[in-house]
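Reader: I'd like a close look at one part of this protein rather than a full tour. Could you take me through the main nonpolar core and what sits around it?

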Amino acid sequence: MPTTVRVAPDERQATRQALVEALQTHDAIVTSGGAWKGDRDLVAALLDELRWQKFYHRIRLGPGKALGFGLWQGKPVFILPGGPPSNQTAFLQLALPGLHRLAGRSQLGLPLRQARLAKATSGQRGWTQFVEGRSGTGKTTFLEELLPELKKWGLRVGILKHHAHATGFDVPGKDTYRLAAAGAAIVVGASPVQTAVFIQENASKNAADVIRRHLSDMDLVLTEGYMRGEFAKVELHRAGHAAADEAGEYGLLCDPASLLAVVTDEPLSLPESVPQFDREDVGGVARLLLQALRRSEQ
């Protein structure tokens, strides 16, 4: 199903024109932002003026309570809130299944998986509350603790984080995003504290190429993700975390033959060639990486 993305300012005439043009050329409309009760939340009011058939707007959904849905000249219109958590929940739980049905698909929405909660959760009575399921093994937290240990050895360390979703890192509405959408192959944002480079390419499946082109001057590169890639791996394991249909023979996601080490909160029956580290032994992991780096330089 072809799509068109358009960024409209919080102005009545510009938003109205964007809605009318979208109706003329598309089978469905999904809006993002302008859905709540502020002075610049114009979408629902404009659709009322345009005589859409509103089924609901603002519901007991957390996050995502500003969600709305209706038909406009027989075409579905989904009003999504602008805040990232609310936008994501509203789209995945209601807009995506609706678009799948419109496209004639039998599988609506995302596949369902079962998981065990690591801690208790709560929500408002009478509401449908969604809690985002994160990877949960603590990869980012562990990297935050590991990096200072590696810097003690004088290493320049680069991080390559894999973003598995088919979305960009840039934020819609920002100047950098708008210029990239207009056709710029590279957009660079410079500030007194950072330089950000946005390159329009599909690099998610080729870590080696990304490292060669963007991280070649680092002493050591650590990736978060790329579990099936070619490089040696350090897997973080938490008891009871890995889903039964994903974990391998040793309760791990990676093949032990590709593992440099395992950081785990429980003893595992692994080959002797795979050292195991306690979650708190960040220094031990740093020393292991330094040894591996020196071997590679010989």
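**The core and its surroundings**

Author: Sure. Keep in mind that this is a predicted model. A bit of background first: among contacts in the chain with a separation of 6 or more, 52% involve residues 24 or more positions apart. The chain has 298 residues, of which 31% count as buried, and it contains seven helices and 13 strands.

Now to the core itself. The largest nonpolar core has 20 residues, and those with the most contacts inside it are Phe142, Leu146, Leu150, Leu155, Leu222, Val285 and Leu289. At least two residues each come from α4 (139-151), β10 (220-224), β12 (259-264) and α7 (282-297). Helix α7 gives the most, with seven residues.

Leu150 is a handy place to zoom in. Setting aside its neighbours within four places in sequence, Leu150 is in contact with Leu155, Val157, Leu220, Leu222, Ala286 and Leu289. Two of those partners, Leu220 and Leu222, also turn up on the covered face of β10, together with Glu224. The uncovered face of that strand has Val221 and Thr223. Strand β10 pairs with β7 (residues 157-161) in the parallel sense, over five bridges. If you want to find your way along that pairing, look for Leu160, which stands opposite Thr223 in β10.

There are charged pairs to look at here, too. Arg279 forms a salt bridge with Glu145, with the closest N and O atoms 3.0 Å apart. Arg279 lies in the loop between β13 (276-278) and α7, while Glu145 is in helix α4, so this pair ties together parts that are 134 residues apart in sequence. Glu145 is partly exposed, because its relative accessible area is 34%, and buried would mean under 20%. Another salt bridge joins the side chains of Glu149 and Lys152, at 3.3 Å from N to O. Glu149 counts as partly exposed at 23% relative accessibility, whereas Lys152, at 64%, counts as exposed. Across the whole structure, the search finds nine salt bridges.

One last thing for your map: this core has a separate counterpart. A second core, of 16 residues, includes Leu23, Leu46, Trp52 and Val77.

Definitions and conventions. Residues numbered from 1 in each chain as written. Predicted model: local features only at pLDDT ≥ 70, side-chain atom pairs only at ≥ 80, totals over all residues. Heavy atoms only, no water. Helix = DSSP H or I, 4+ residues; strand = E, 2+ residues; numbered from the N terminus. Buried < 20%, exposed > 50% of the residue type's maximum accessible area, 1.4 Å probe, protein only. Contact = heavy atoms within 4.5 Å. Core = buried A, V, L, I, M, F, W, Y, C linked by side-chain atoms within 4.5 Å. Pairing = 2+ DSSP bridges. Salt bridge = Lys/Arg side-chain N within 4 Å of Asp/Glu carboxyl O.
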